[in-house]
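I opened the model to look up how two chains touch and how some strands pair. My entries follow.

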Amino acid sequence: MFALIKLIQSLFGALHSEGTPGQLAAGIVLGSFLGLTPLFNLHNALIFAALVLLNISFAGGMLGWALFVPIGFLLDPLFDWLGHGLLLAPSLRGLWTSLYNTPIVPLSNFNNSVVLGSLVFALLVSLPLFFATRWAVARYRVTVGERVRQSKFYRAVTASKVYNVYKMFRP
Amino acid sequence: MSRLKIFRWRAVAPLLLLFFIGCALWWLFADTIARRESQKVGTQLLGAKVEIQDLHLDLKRGDVTIRGLTIASPHEAFKNLLQADELVADIDMIPLTEKKLVVDRIVAKGLRFGTPRTTDGRVAAQSGDGIAGRVLAETREWASQFQIPVLQLATGKISIDSLDPRRLSTIPAAAALSARADSSRRAWQASFDSLRLGPTLDSASAALERLRHARATDLAALNDGRQAIDRLKRARDRVTAVDRTVTSGITQLQTGLAGLDSARRRDYAFGRSLLKLPSLDAPEIGAALFAPGAIKPFERALYYAQLARRYMPPGLLPRATTGPSRVRRAGENVRFPKERALPAFLLRSAELSFLLHPTSDQPQQYAGRLTGLTSEPALYGRATTFRASGPQLTAGALLDHVRDIPVDTGGATVGGITLPAFQVPGVPLRVDPGAATTQFGLTLNGDTIHARFAIRSTHARWMRDSGFANSTIGDLIWQAVSGISNLDVEARLSGALHHPDLAVRSNLDEAVASRLRAVLGEQVAAAEKQMRDRVDALINDKVGPARARVNEVETQGQAQIAQQRARLDDLQKQLEQRLRDLTRIRLP
């Protein structure tokens with residue numbers, strides 16, 4: 001229940017933040033990396049740091065993470081297949097061998113089929129996702145955004161303490 | 001227009017705080033995390049529970065100390081493979097940045113083997129998952145291929161009611177022989193008919209009659225007589241040709257009769273196979289008594305050898321293994337070995353000190369050394385070796401996976417080990433070998449296996465089980481072996497790995513066989529006679545008429561030949577005699 005409330009807060013907080021649609025879209029894209037790929041990996045630490053440090057929507061990141069976690073679970077068989085194919089492709093063997101024997105890089109678990117498959121998938125969808133999200137947020141704000149902002153429900157959500165924490169990271 | 005900020009500087013402090021919290025948590029829980037991960041990975045690798053009481057990481061010195069290590073047996077439910085009081089590993093830290101674990105040296109103290117445990121520690125045997133599960137299933141299937149004779153003897157009346165006449169080979173053979181005899185008779189009759197001896201005999205009789213009334217000057221009659229003799233000779237040649245055919249046919253029919261005897265012997269053997277009689281052959285008795293127990297050490301050694309081959313494959317090609325277990329799909333981890341680089345795992349040297357007879361008053365301490373255990377032998381370039389020695393132990397192993405065809409050899413001789421009593425398969429007897437000397441050797445060269453397992457004891461004791469009263473064979477074996485305290489069992493395995501030959505012998509084989517032969521010989525003979533009578537009753541109805549038919553056809557054929565030949569000979573003699581009488585010169 002708390003997760004659902006947080007998700008709704010994130011959604012409203014992001015959509016009605018002072019950030020630009022581009023900042024919100026960039027946050028969602030980075031959040032999608034966290035959701036699509038297995039969480040405890042080195043690249044996700046970098047993604048999280050970027051989400052915190054860069055002037056993009058942190059709420060968008062949380063929203064993207066929450067939205068893409070179930071998609072990640074659903075697409076795991078696809079990621080496994082994709083990663084397996086990439087890892088065992090003869091033409092890429094030299095690249096993987098060299099990366100595998102380079103310090104730090106193996107800690108990213110790139111040699112795991114699901115990790116590599118999901119990361120490649122997330123990279124492939126990142127640009128289309130960015131542009132689609134940016135357009136959708138802009139359309140939302142010029143159409144129904146103001147009416148939602150005036151609603152009691154929105155005011156109740158934004159008045160909670162969690163929202164105050166969120167405001168610290170808003171763009 | 002305000003300038004767009006790229007960095008959110010105020011978030012640096014919370015991020016640093018998060019980082020430091022992470023470091024603090026690592027410092028607090030690193031030992032616990034490493035212990036749990038070690039347990040998880042060890043369990044996954046070996047197919048049996050790996051438990052660690054305490055693990056301490058000292059990253060500054062590169063030391064890992066493990067206390068209270070317990071590895072359960074993958075094969076036995078309530079037994080440990082080994083326990084160790086303490087292991088101290090000296091780890092090379094730099095390769096950790098490449099996610100490679102290089103252990104320069106391990107010192108293991110207080111190793112104990114085969115200790116009991118209270119819970120079932122088998123994992124691969126129950127789940128069947130992972131490499132260990134697959135290897136365990138493969139080795140179990142491999143062990144189940146051996147056909148072990150069973151010592152059993154039916155109690156009460158020996159019955160052969162199940163003898164099915166349709167499965168006897170003599171009956172169809174007799175029917176076929178009868179048919180062949182009839183066919184021969186018809187063929188011979190056709191040959192006789194084609195001789196056309198009647199006209200020849202008639203003309204010869206007529207010529208003889210003329211000669212009887214002719215004078216010496218009646219040249220025409222003399223010529224007729226000579227021509228008749230020539231015709232008789234040619235007719236006899238034809239009879240001789242038919243005689244050869246008949247003789248050949250008779251030989252074939254005689255062979256058929258001999259075939260009936262062979263078929264009868266086969267039917268006797270088939271009938272005997274339906275009787276539940278113990279084998280009186282010594283090698284089979286050895287296999288029946290000890291093979292089930294002898295296969296187990298081979299199966300277990302093969303399990304570890306095959307695991308080593310899976311985890312230490314030769315060559316430098318990428319290798320996929322099951323990924324880590326997590327909420328998300330595990331996927332596969334692919335390793336990419338590279339020439340002149342470090343392997344993913346390398347244990348350069350391990351010094352082991354262990355106890356044998358840990359529960360006795362004077363446990364014996366031994367020492368061993370393991371070198372070059374690695375996940376990529378081709379990178380390390382040397383074989384894995386192990387050796388251990390002590391007052392009553394010599395053990396060694398070499399796993400050479402450097403070349404394309406892996407060669408694994410290992411052997412051990414352990415003296416003074418008190419082996420547990422075990423059940424003799426098929427009979428309600430147990431044997432307690434007592435303190436015995438055990439030898440084991442295995443060579444696995446590619447897909448060829450040669451292995452030997454031997455137990456030698458001078459204090460074997462035999463015990464009867466509760467079901468003993470109803471077992472005739474058990475009683476007989478008890479009589480044979482109860483006074484024998486020496487036990488010398490040897491099992492050998494050789495040949496292609498997928499289908500090797502197993503030979504088991506023991507010093508008890510001949511004793512048991514002799515005893516069975518002496519006591520059961522009469523019973524076996526009576527049972528076999530009963531079986532032969534039953535077989536005879538079934539086949540004699542067919543064999544008797546077939547034999548009579550063959551004899552009749554032979555006699556008939558030979559008689560016809562003799563009769564025709566006699567008539568021809570008689571006429572020829574009479575003609576020649578008359579010609580001699582007519583042409584004899586009489587002096588006044």
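I began with the contact, which takes 23 residues from chain B and 27 residues from chain A. I counted two residues as in contact if their C-beta atoms, placed from the backbone, lie within 7 Å. This is a predicted model, in which local features need pLDDT of at least 70 and side-chain atom pairs count only at pLDDT 80 or more, while totals for chains, interfaces and linings use all residues. Residues are numbered from 1 along each chain as its sequence is written, and chains are lettered from A and ligands numbered from 1 in the order in which they are written.

On the side of chain B that touches chain A, I found that helix 1 (12–46) and strand 6 (332–335) of chain B give two or more residues. Helices (H or I, at least four residues) and strands (E, at least two) are DSSP runs, numbered from the N terminus. Strand 6 of chain B gives the most, with four residues.

Next I looked up strand 14 (residues 434–445) of chain B, which pairs with strand 11 (residues 407–419) of chain B in the antiparallel sense over 11 bridges. Two strands pair if DSSP finds at least two bridges between them. Strand 14 of chain B also runs antiparallel to strand 15 (residues 448–457) of chain B, joined by 10 bridges. I traced Thr443(B) to both neighbours: Thr409(B) stands opposite it, and His450(B) is its bridge partner in strand 15 of chain B. The hairpin of strands 14 and 15 of chain B has two residues between the strands, and Gly446(B) there takes a positive phi near 60°.

Last, I noted an open antiparallel sheet of three strands in chain B, in the order 12-13-16. Its edge strands, 12 (422–424) and 16 (461–464) of chain B, each pair on one side only.
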